[in-house]
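Trainee: I have a model open on my screen and would love some company while reading it. Could you take a close look at one part with me, starting from the outside?

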Amino acid sequence: MALWPHVKSLPPRQRAVIVLRYYEDLSEQEIAEALGCSRGNVKSTAHHALKALRAAIGSDGATGREN
């Protein structure tokens with residue numbers, strides 16, 4: 001649940017790709033068909049979304065690692 005506020009802050013297309021891929025467990029091809037775009041666009045969008053999520057989590061200091 002700690003990740004959800006960061007997912008909600010993503011731009012709509014990035015949020016859709018992340019939700020469809022990791023919450024709905026759709027393949028890249030299924031996501032492309034659902035969103036009406038190419039598989040390459042899905043891959044690129046997911047890459048940018050994950051990069052933004054990693055940066056947001058890192059800036060919060062929540063790395064998920066125990067000391």
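What does the accessible surface of the protein come to, and what percentage of it belongs to carbon and sulfur atoms? After that, please walk me through the part around aspartate 25, in the loop between helix H2 and helix H3.

Mentor: Happy to. Please keep in mind that this is a predicted model. The accessible surface of the protein comes to about 4800 Å², and carbon and sulfur atoms account for 51% of that. As for the fold, the protein has four helices and zero strands, so along the sequence you read the pattern α-α-α-α. Of the 67 residues, 22% are buried. Among contacts with a separation of 6 or more, 47% are between residues 24 or more positions apart.

Now to your loop. Aspartate 25 sits between helix H2 (12-23) and helix H3 (28-35). Its relative accessible area is 60%, so aspartate 25 counts as exposed, the cut-off for that being over 50%. The backbone deserves a look too: phi of aspartate 25 is near 60 degrees, a positive value in a residue other than glycine. For background, most residues other than glycine have a negative phi.

The side chain of aspartate 25 has a partner. It meets the side chain of arginine 21 in a salt bridge, at 3.9 Å from N to O. The cut-off is 4 Å, so this pair is counted as a salt bridge. In general, side chains of opposite charge can pair when their charged atoms come close. Arginine 21 is partly exposed, at 30% relative accessibility.

Arginine 21 also leads us to an aromatic ring. Its charged end sits over the ring of tyrosine 22, 5.9 Å from the ring centre. Tyrosine 22, in turn, belongs to a nonpolar surface patch of about 420 Å², made together with Leu3, Trp4 and Tyr23. Leucine 3 is found in the segment before H1, and its relative accessibility of 35% makes it partly exposed.

Two members of that patch also meet ring to ring. The structure holds one aromatic pair, formed by tryptophan 4 and tyrosine 23 in an edge-to-face arrangement, with 5.4 Å centre to centre and 80 degrees between the planes. This pair links distant parts of the chain, with tryptophan 4 in helix H1 (residues 4-8) and tyrosine 23 in helix H2, 19 residues apart. Both rings are in partly exposed residues: tryptophan 4 has a relative accessible area of 32%, and tyrosine 23 has one of 47%.

On the other side of your loop in the sequence, helix H3 brings in another charged pair. The whole structure has two salt bridges; besides the one at aspartate 25, glutamate 28 forms a salt bridge with arginine 39, the closest N and O atoms being 3.1 Å apart. Glutamate 28 lies in helix H3 and arginine 39 in helix H4 (residues 39-60), so this salt bridge ties together parts that are eleven residues apart in sequence. Glutamate 28 is partly exposed, with a relative accessible area of 25%, and arginine 39 is partly exposed as well, at 44%.

To retrace the route on your screen, start at exposed aspartate 25, follow its salt bridge to arginine 21, and go on to the ring of tyrosine 22. From there, the patch takes you to Leu3, Trp4 and Tyr23.

How values were computed: Residues numbered from 1 in each chain as written. Predicted model: local features only at pLDDT ≥ 70, side-chain atom pairs only at ≥ 80, totals over all residues. Heavy atoms only, no water. Phe/Tyr/Trp six-rings, centres within 6.5 Å; stacked < 30°, edge-to-face > 60°. Buried < 20%, exposed > 50% of the residue type's maximum accessible area, 1.4 Å probe, protein only. Lys NZ or Arg CZ within 6 Å of the ring centre and 35° of its normal. Contact = heavy atoms within 4.5 Å. Areas by Shrake-Rupley, 256 points an atom, 1.4 Å probe, with all protein chains shown as cover. Patch = residues over 30% accessible without salt bridge, like charges linked within 9 Å, V, L, I, M, F, W, Y side chains within 5 Å.
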